[in-house]
Amino acid sequence: MRDSFYLTDEQRQVRDLVRTVARGRIAPLAAQVDETDTYPADQLRRLGEAGLMGLHIPEAYGGTGLGVLAFCLAVEEIAWACASTAVVYLVQYTGGFPIVIAGSEAQKRRYLPRLAAGEITAAFSLSEPGAGSDAASLTTTAVRRGDRYLLNGTKAWVTNGSHASVLTLFATMDQGRGRHGVTGFLVEPTFPGFALGKLERKMGVRGSPTVAIHLSDCEVPVENRLGGEGDGFKIALRVLAPHGPPRRGTCGPWRSLDGVRVIDGEMLRERCRHADHDRRRPDLRRLWLHARVSGRALHARREGHADLRGHEPDPADGRRARAGARLAGGDGRRRRHADEP
Ligand SMILES: Cc1cc2nc3c(=O)[nH]c(=O)nc-3n(C[C@H](O)[C@H](O)[C@H](O)COP(=O)(O)OP(=O)(O)OC[C@H]3O[C@@H](n4cnc5c(N)ncnc54)[C@H](O)[C@@H]3O)c2cc1C
């Protein structure tokens with residue numbers, strides 16, 4: 001019988017290697033990282049030393065090119081040990097993969113080898129205070145002036161934005177053109193006009209910093225434009241939802257968890273019921289199938305992790321918390337009151 005969950009030997013090796021590093025070197029620090037909002041620099045260094053920072057980067061640029069599944073396995077193992085380290089590790093994909101798929105040769109040579117070696121880290125900056133689920137409505141502008149672009153605006157919720165040496169950042173060259181005006185840039189924090197904004201106080205995963213970024217006539221050299229003018233939204237979608245419909249942020253049935261597509265079966269069923277979709281349509285049949293398969297995989301993994309951890313949290317609590325947070329989007333993850341965890 002065909003089983004699409006079989007792993008190759010290489011993928012198993014990656015999983016086992018990450019498991020060893022994660023359980024031996026990362027898990028013991030996890031509680032402290034979260035309690036003290038500590039950036040997991042040491043943990044990332046260890047992953048880099050083990051050659052695990054370039055799984056998504058082709059060999060020609062210093063990575064191992066083992067693909068998305070190997071990367072997902074690595075994320076899962078790291079997340080078992082420390083959620084903050086896993087999120088920062090994940091963002092290496094959303095920040096760096098746009099360079100793999102849309103970067104010029106010079107951009108690839110400039111950034112990818114250092115990302116693969118773990119010398120630098122990346123971030124992905126699409127969201128804005130008024131542009132979350134509807135990311136195409138972003139208002140940060142880019143205007144070309146000679147050999148550079150001037151960027152103006154405020155970006156929000158930039159995971160790893162305070163530590164990244166390169167940010168894949170999206171701005172519009174013409175708001176009237178909607179998604180067709182969105183253009184990608186590789187922005188370095190040393191560029192004039194770049195300033196870090198406030199650090200979000202989150203309800204968890206606190207070792208993974210999430211910041212705002214202010215751009216005030218931020219000067220980005222033309223050679224740091226990613227792809228052509230107006231190609232940005234397509235690039236962003238290829239990273240966030242490589243095979244599916246547009247992103248629905250952290251909230252829709254297609255949750256794109258920093259590049260790893262996760263389908264929330266419960267929410268999908270709800271949406272299908274309310275939206276009165278025709279389930280005979282092939283694309284929706286495919287969605288249903290995915291939802292069932294991912295539901296089973298999640299169940300199996302939860303059981304596996306429960307064995308390893310020796311306890312299982314009450315799933316109903318998790319469901320209630322997730323539902324509440326989803327309704328508010330990113331806002332639902334903020335800590336506002338002193339008595340919040
Ligand atoms: C911890 C954290 C880290 C993040 N890191 C990054 C990052 O690194 N880079 C980045 O670019 N972004 C990042 N984000 C932002 C994230 O992608 C957004 O939070 C997400 O896109 C949702 O946007 P929002 O928060 O503005 O919620 P909103 O878009 O305001 O959504 C709020 C609620 O309204 C619902 N809703 C929205 N539109 C509709 C509609 N048309 N019909 C019906 N319901 C709708 C949503 O489903 C949700 O339930 C991060 C967010 C968080 C919380």
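Colleague: Let's start with Ala117. Which helix does Ala117 lie in?
Modeller: Keep in mind that this is a predicted model. Ala117 is partly exposed, with 16 other C-beta atoms within 10 Å. As for its place, Ala117 belongs to residues 105-117, which make up helix H6.

Colleague: Which residues is Ala117 in contact with, leaving aside its neighbours within four places in sequence?
Modeller: Take Gly63 as a guide to the surroundings: Ala117 and Gly63 are 54 residues apart in sequence, yet 7.7 Å apart in space, C-alpha to C-alpha. With neighbours within four places in sequence set aside, the contacts of Ala117 are Gly48, Met53 and Gly62.

Colleague: Okay, zooming out. What share of contacts between residues at least 6 apart in sequence join residues at least 24 apart?
Modeller: The protein has 10 helices and 10 strands. Buried residues account for 38% of its 341 residues. Of the contacts between residues at least 6 apart in sequence, the share joining residues at least 24 apart is 68%.

Colleague: Which helix gives the largest share of the largest nonpolar core?
Modeller: In soluble globular proteins, nonpolar side chains tend to be buried together. Here the largest nonpolar core has 76 residues, and those with the most contacts inside it include Ala74, Leu112, Leu151 and Phe185. The largest share, 11 residues, comes from residues 83-102, that is, helix H5.

Colleague: And where does this core lie with respect to the domains?
Modeller: Look at which domains give residues to it. Domain 1 (9-121) and domain 2 (124-237) both do, so the core lies between them.

Colleague: You listed Leu151. Which residues does Leu151 touch, not counting those up to four places away in sequence?
Modeller: Leu151 is among the residues with the most contacts inside the largest nonpolar core. Not counting residues up to four places away in sequence, Leu151 touches Thr140, Ala142, Ala171, Phe185, Leu215, Cys218 and Val220.

Colleague: Now the strands. How many bridges join strand S3 to strand S7?
Modeller: S3 covers residues 148-159 and S7 covers residues 210-221, and the two run antiparallel. One facing pair is Val158 with Val211 in S7. The number of bridges joining S3 to S7 is 9.

Colleague: Which residue in S7 stands opposite Ala195?
Modeller: Strand S6 (residues 194-199) also pairs with S7, in the antiparallel sense, over 4 bridges. Opposite Ala195, the residue in S7 is His214.

Colleague: What about Phe170, is it buried or exposed?
Modeller: Phe170 is in strand S4 (residues 166-172). Among the residues it touches are Leu126, Leu138, Val182 and Ala236. There are 27 other C-beta atoms within 10 Å of Phe170, and the cut-off is 20 or more, so Phe170 counts as buried.

Colleague: On to helix H1. How far apart are its end C-alpha atoms?
Modeller: H1 has 18 residues (residues 9-26), and at 1.5 Å a residue they should span 26 Å. The model agrees with that, because the end C-alpha atoms of H1 are apart by 24 Å.

Colleague: How wide an arc do the buried residues of H1 cover around the axis?
Modeller: An α-helix has 3.6 residues a turn, so residues three or four places apart point the same way. In H1 the buried residues are Val14, Val18, Val21, Ala22 and Ile26. They sit on the same side of H1, because the arc they cover around the axis is only 95 degrees.

Colleague: Which helices do those buried residues of H1 pack against?
Modeller: The other side of H1 has exposed residues: Asp9, Asp16, Thr20 and Gly24. The buried residues of H1 pack against H2 (30-35), H3 (41-49), H4 (67-81) and H5.

Colleague: What arc do the buried residues of H3 cover?
Modeller: The buried residues of H3 are Gln43, Leu44 and Leu47. What covers them includes H1 and H5. They are on the same side of H3, since their arc around the axis is only 100 degrees.

Colleague: Last one: what positive phi does Trp157 have?
Modeller: Most residues other than glycine have a negative phi, and most peptide bonds are trans. Trp157 lies in strand S3 and is buried, with 24 other C-beta atoms within 10 Å. Although Trp157 is not a glycine, its phi is positive, about 55 degrees.

Definitions and conventions: Residues numbered from 1 in each chain as written. Predicted model: local features only at pLDDT ≥ 70, side-chain atom pairs only at ≥ 80, totals over all residues. Core = buried A, V, L, I, M, F, W, Y, C linked by C-beta atoms within 7 Å. Buried ≥ 20, exposed ≤ 12 C-beta atoms within 10 Å, placed from the backbone. Domains from an automatic or database assignment. Contact = placed C-beta atoms within 7 Å. Pairing = 2+ DSSP bridges. Expected span 1.5 Å × (residues − 1). Arc of directions from axis to C-beta.
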